[in-house]
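Thanks for coming. I will take one chain today and go through it piece by piece, starting with a single loop residue.

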Amino acid sequence: MLPGDRASFLPAGRRGVSNTTLLASVFLGGVLVAVVVGALLVTIGERKGEGRQPYDLLVPVDDQTTDPAVWGINWPSQYESYLRTTDWERTRYGGSDAIPVQKLNTYPWLRAMWSGYAFSIDYRESRGHAFTLHDQDHTQRVLQREQPGACLHCHAAVIPLYEYVGRGDIMAGFVEVSGMSWEEARFMMDDHGDPLVEHPVSCMDCHTPETMELRITRPAFKVGIAALKAHEGQANYDVNRDASRQEMRSFVCAQCHVEYYFDPDNNRAVTYPWSMGIRVEEQEAYYDAIGFSDWTHGATGGGMIKAQHPEFELWSQGTHAAAGVACADCHMPYQREGARKVSDHHVRSPMLNVNRSCQTCHSIAEGELMNRVAAIQDRTTALVDRSAAAVTDLITVLAAARALGADDEALAEAIQMQRSAQWRLDWIFSEGSRGFHAPQESARILGEAIDFARQGERMVVERYAGRLDRAAVDIMPPEGVTPDELAPTRTGPTVPGSPGPDRPGPDRPGPTVPNGN
């Protein structure tokens, strides 16, 4: 026995037990390592498989498949997140509610600015993509005033309708549908008696069925972006051929989130005023050049332009666009599911998803990021309020001058100031980011709105000094604001936008209100 040989002090039996235990431990450890390595290799194999085959085609889909639920069988993750666009969520200056907020009550000056136009009757917070058709069906702007089939361009999965009406020619069908009434286009049936418009904005509007690659389907955007590129020096631009994938991650959104008008010289077709540029003054110059007005103002008699929702145009002037950040990067951020990198189709404000929308690039605390956004939006709101006060004052003195008998020639210059001022105010207010997409540009535009409004007010006051009675005029439109009892409902009977007894139609007319026209 050698000194220090501890095993030599053990009885013979116990030395055997120790060796057996050691061998068993080594064996079990090897088995455990093999199981772990095997499981790891299996997982790696599965993840590689997921990467090579990111989805399973269980059912066929094509350009006639407008129901997102059918696409959801093949792409369940995207569909499940899309369904969440029906959620109730609010941010500081927007969001979705069970009963959409009536903005005409929150901002009464809107009624004066839009006097004589359908928006002075009903203008509510917009809700998620799943509600695009449902809410348009129920707005009093459609139920009280005649609206064109052109509105379907951005409120429904509408390509099958265009293709049917155009007999295979989508562009021709788009123009023809635009000139129809809302009711005729909305409830049109095919040769088999099946409805052609059943669903809100859907998967096929942005994705190629065969490959799921992003694509542009909206005819008005194809024409508009080609006109813009030609203005910038790039002729014969085909967006589906020439745009990069990162550009497409914004362009698919810009199919609808833009300024547009219904061209009276082209059957009221949706048209983007981009042939002279996309900045606010360039679009104004375009409208002035063609002599276009959306309506005649009810209090002043001037021809006005209604801004729609120029998110794409304002974003294009901001720092995120300059850095190559796409709409989808912030509003549809990627999320990991195994080896798959999936875009979140719960399209919403980045403020409701700061971690994945913002902190992917900005290594700043969430609270600090939200405070920065709030500061931008609060400052923009302060400028909106001052612009609104200036525009309202101008409308008031113009109405007072009309009461004195002033004619169009006498007020022409001041009315042009009104047109320019409220166009700029409307452009920023109706845009969805409350200035965040381009803060400096927003401040510039609102500063011009204040300036034009105050210049116009001074012109009228100086011309009719001492004779204007501001208190004697009522610049609010005679129609009342639509009450919440007539607001769109929380959901449709099944999938939002699907046929059902709560949706107005040829046999289920919506409510009417006296004085509607």
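Contact, in what follows, means heavy atoms within 4.5 Å. Keep in mind that this is a predicted model.

With that in hand, take Leu58. Leu58 sits in the loop between helix H1 (12–52) and helix H2 (68–74). Which residues does Leu58 contact, leaving aside its neighbours within four places in sequence? They are Ile73 and Asn74. Leu58 and Asn74 are 16 residues apart in sequence, and their C-alpha atoms are 5.7 Å apart in space. Is Leu58 buried or exposed? Leu58 counts as exposed, because its relative accessibility is 60% and the cut-off for exposed is over 50%.

Now the chain as a whole. The chain has 22 helices and eight strands. It runs to 517 residues, of which 47% count as buried. If we take contacts with a separation of 6 or more, 69% of them are between residues 24 or more positions apart.

Next, the interior. The largest nonpolar core has 51 residues. The members that touch the most other members are Trp109, Leu110, Trp114, Leu411, Leu425, Trp427 and Val460. Two or more residues of this core come from each of helix H5 (109–113), helix H15 (280–290), helix H20 (366–403), helix H21 (408–430) and helix H22 (439–463). A second core, separate from that one, has 47 residues, among them Phe174, Val197, Met212 and Phe312. To go back to Leu110 for a moment: not counting residues up to four places away in sequence, Leu110 touches Lys103, Leu104, Tyr123 and Phe429.

H22 deserves a slide of its own. H22 has 25 residues, so at 1.5 Å a residue it should span 36 Å. The C-alpha atoms at its ends are 37 Å apart, which agrees. The buried residues of H22 include nonpolar ones such as Ile445, Leu446, Ile450, Met459 and Val460. Glu441 and Glu457 are also on the buried list for H22. What covers the buried residues of H22? Among the elements that do so are H15, H16, H20 and H21.

Two arginines come next, both with a positive phi. Arg167 has a phi near 55°, although Arg167 is not a glycine. Its place is the loop between helix H9 (159–165) and helix H10 (170–178). Arg434 has a positive phi too, of about 50°, and is found in the loop between H21 and H22. Which of the two words, buried or exposed, fits each of them? Arg167 has a relative accessible area of 73%, so Arg167 is exposed. Arg434 has a relative accessible area of 7%, so Arg434 is buried.

Last, a pocket. Rolling a probe the size of a water molecule over the atoms shows where empty space is left. The second largest pocket holds about 330 Å³ of space. It is lined by 20 residues, and the closest to its centre are Lys229, Phe251, Phe312, Trp315 and Ser316. Helix H12 (219–231), helix H14 (245–254) and helix H16 (311–315) each give at least two residues to the lining. Which element gives the largest share of that lining? H14 does, with four residues. Sorted by class, the lining of this pocket has nine nonpolar, six polar and five charged residues. Phe312 appears in this lining and also in the second core.

Notes. Residues are numbered from 1 along each chain as its sequence is written. This is a predicted model: local features need pLDDT of at least 70, side-chain atom pairs count only at pLDDT 80 or more; totals for chains, interfaces and linings use all residues. Side-chain values use heavy atoms; hydrogens and water are left out. On a 1 Å grid over the protein atoms alone, a cavity is a set of points where a 1.4 Å probe fits but cannot get out, and a pocket is an open set with protein on both sides within 12 Å along at least five of seven lines; lining residues have an atom within 4 Å of a point. Grid points are joined across faces, edges and corners, and a volume is the space filled by probe spheres set on the points. A nonpolar core is a set of buried Ala, Val, Leu, Ile, Met, Phe, Trp, Tyr and Cys residues joined through side-chain atoms within 4.5 Å. Buried means under 20% relative accessible area, exposed over 50%, partly exposed in between (1.4 Å probe, protein chains only). The expected span of a helix is 1.5 Å times one less than its number of residues.
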